[in-house]
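User: Please go through the reasoning behind some of the labels used for this model, setting each value against its cut-off.

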Amino acid sequence: MDVYDVSDDLIKKLNDWKLIGIISGKFNELKENYSKVNFVEHALIDFKYMEKIFLNVKLRENKCNKRSVEFRMLGNEQFSLKNRKYFQALELYNKSICYAEPNSEHLSIGYANRSAVFFEWKRYRECLANIELARKANYPERLRHKLDKRERDCQQLVQQQAPDIVPYDFKLSFEPHAQVPYIANCLELRETADEGRFIATTRDLVVGDVIAAEQPFCSSLLPPMRYIRCATCKQERYLTLIPCDNCCSVMFCSEDCKQLANDSFHKYECPIIDLLHRMFNKIHGIALRTTLSALNLYDSIEELMAYCEQPSNQQKCVFDLDFTQLTPQEHYRAIHGLVTNQHMRSVSDLFQRSVVCAVLKHFIIEYTPLKDFLGGEDGRNFFTDLLFRHLQTSPSNMHGIDLVEQVNETKDDQTHSSGAYAFLSLLNHSCAPNTLRIYDGTKAYLFVLRPIKAGEALYDNYGAHFAIFSKKERQERLSMQYRFNCSCEACELDHPKYKGMPHKATVPMVNDDTDMKLLGAYNYDFAIGNYQKYCDFLTEYGAAYPCAQISSAEECLKMALHIMADAVPLKAKM
Ligand SMILES: C[S@@+](CC[C@H](N)C(=O)[O-])C[C@H]1O[C@@H](n2cnc3c(N)ncnc32)[C@H](O)[C@@H]1O
């Protein structure tokens, strides 16, 4: 059961009982968002939905040695000579570590087994780190000889380990902007009635230019990554992850990250963590994390309330911030001001969103220390309003943070987190984008993907790429999630550039998630100058240019520029 099953069931019941007209009429009359959510919450309580959720969905799994052993056994099976699936084994060992009861030997055996994976991977430093964790967690005497031997072998071999890969350090291609120091000085904010706010350039840009390098206000790890990455910094430190002391679903890369989380978002999420993972999706997850991160900036709810209600803090964006003293509070002004698109939402959209908000706020207020922080009715209503706001800003603005780089066999090119980025959220969409985001950890770099002339707008792609989805699919997705009708160059058939050009794709269409990632991965090659690999990709997907004959990076870049500028949009599936 997830939260959409609840809202579907409620709407079906209201229809069956012929109450939908009355209820939606009353709902629509309510002015404040918190009143709408409270109204829906009462209905959910009256119709016993909250009770049903409480009885059917565990708020939080308890630590359990029996389950810890089960996961370890499954890990051993993957690790065995027969399977040699080390990455799968590692994830299961991490799960076993999470489920182990504090001070039990199962925690230490989990660490020791994890050290064996690193030994196989010839990552002796990490192997030694795990051996130390196992010892500190009271590794049983009866098994100690195995660990001692591994440690001795490791100490001999550690010198042979290759140095860690140093992450790419992309630099801005231009001087920093006078107002917003992490973007290029040629970028400016514009606004029109049709497109809202968007970003344009005041100078010509060429492919590969780095024009922004932004850290998110906050980010939230996707549940499938919970045994692979640190919940606080999101780094892929499955090597040395340590578990939360209370739940079985969150891990950290260090005691510092654990403390940071426990002092902020995790103190509220932990008591209901498994309900959050089971009932809600990643958009709800980042909406909640943004709300909790805002709350955490203040000592009392009244202070945040006063801050959000100040007229000077309404609808602000990154260009309004004071970067001479960019406190997290100041940063949040630009996140609070992201578009909600509320005026474009139908009653049924708002009703469904209210169900999500009602279930989320009910459980996080009733079953966590948030209740004490919020105090009375005013505090609760303000929190509800803020959560509802971010449940609207998140689908239109939040970014999936992914890893497109395949560094070794353990890394996969997939989205691991969601993030709230003040500047990147001002880029409008095009199905044939001229920029590309590349992430290093949670830091996002914005690259120029096609030549952009001075005065032109910068466009990101919101997931509806012309090479992957048909025009119909793209338009449906954009109007549903982002509330606008796209008329970008790939959608605009009458654009003079496309006169007489075929409207049907002439290349095999990429149409699943894996290929979407592939496209991202090859864009990454392009951005970091691996042009040959990039051109091979375009050739594979039917580009009409003889990329394979290109021998130098320079030639390749020229050809790629040419392809990006002219040929690629022709492949749009119209
Ligand atoms: C990430 S925000 C982009 C910044 C936004 N325009 C603003 O004013 O803050 C996404 C929202 O911008 C609008 N938008 C994005 N791309 C657009 C486009 N190509 N045409 C019209 N509106 C667009 C939609 O309202 C969408 O939900």
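**Burial, core and ligand shell**

Analyst: In this predicted model, L374 has 21 other C-beta atoms within 10 Å and is therefore buried.

User: What makes L374 count as buried rather than partly exposed?

Analyst: The label buried requires 20 or more other C-beta atoms within 10 Å, and L374 has 21, so the residue meets that criterion. L374 sits in helix α17, residues 370-374.

User: Which residues does L374 touch, leaving aside those up to four places away in sequence?

Analyst: L374 touches I301, I365, G379, R380 and F383. As for L295, its C-alpha lies 9.6 Å from that of L374, although the two are 79 residues apart in sequence.

User: Which residues have the most contacts inside the largest nonpolar core?

Analyst: That core has 140 residues, and those with the most contacts inside it are M251, F252, V355, V359, L360, L387 and F423. Helix α16, residues 347-366, gives the most to this core, with 10 residues. Not counting residues up to four places away in sequence, F423 touches V180, I183, A212, E214 and V318.

User: Why is the ligand said to lie between domain 2 and domain 3?

Analyst: Both domain 2 (187-212 + 401-570) and domain 3 (223-398) give residues to the shell around the ligand, so the ligand lies between them. The shell residues divide into seven nonpolar, seven polar and four charged. Of the 18 residues around the ligand, G196, R197, S396, N428 and F484 come nearest, while β2 supplies the largest share of the shell, three residues.

How values were computed. Residues numbered from 1 in each chain as written. Predicted model: local features only at pLDDT ≥ 70, side-chain atom pairs only at ≥ 80, totals over all residues. Near = placed C-beta within 6 Å. Helix = DSSP H or I, 4+ residues; strand = E, 2+ residues; numbered from the N terminus. Nonpolar A, V, L, I, M, F, W, Y, C, P; charged D, E, K, R; others polar. Domains from an automatic or database assignment. Core = buried A, V, L, I, M, F, W, Y, C linked by C-beta atoms within 7 Å. Buried ≥ 20, exposed ≤ 12 C-beta atoms within 10 Å, placed from the backbone. Contact = placed C-beta atoms within 7 Å.
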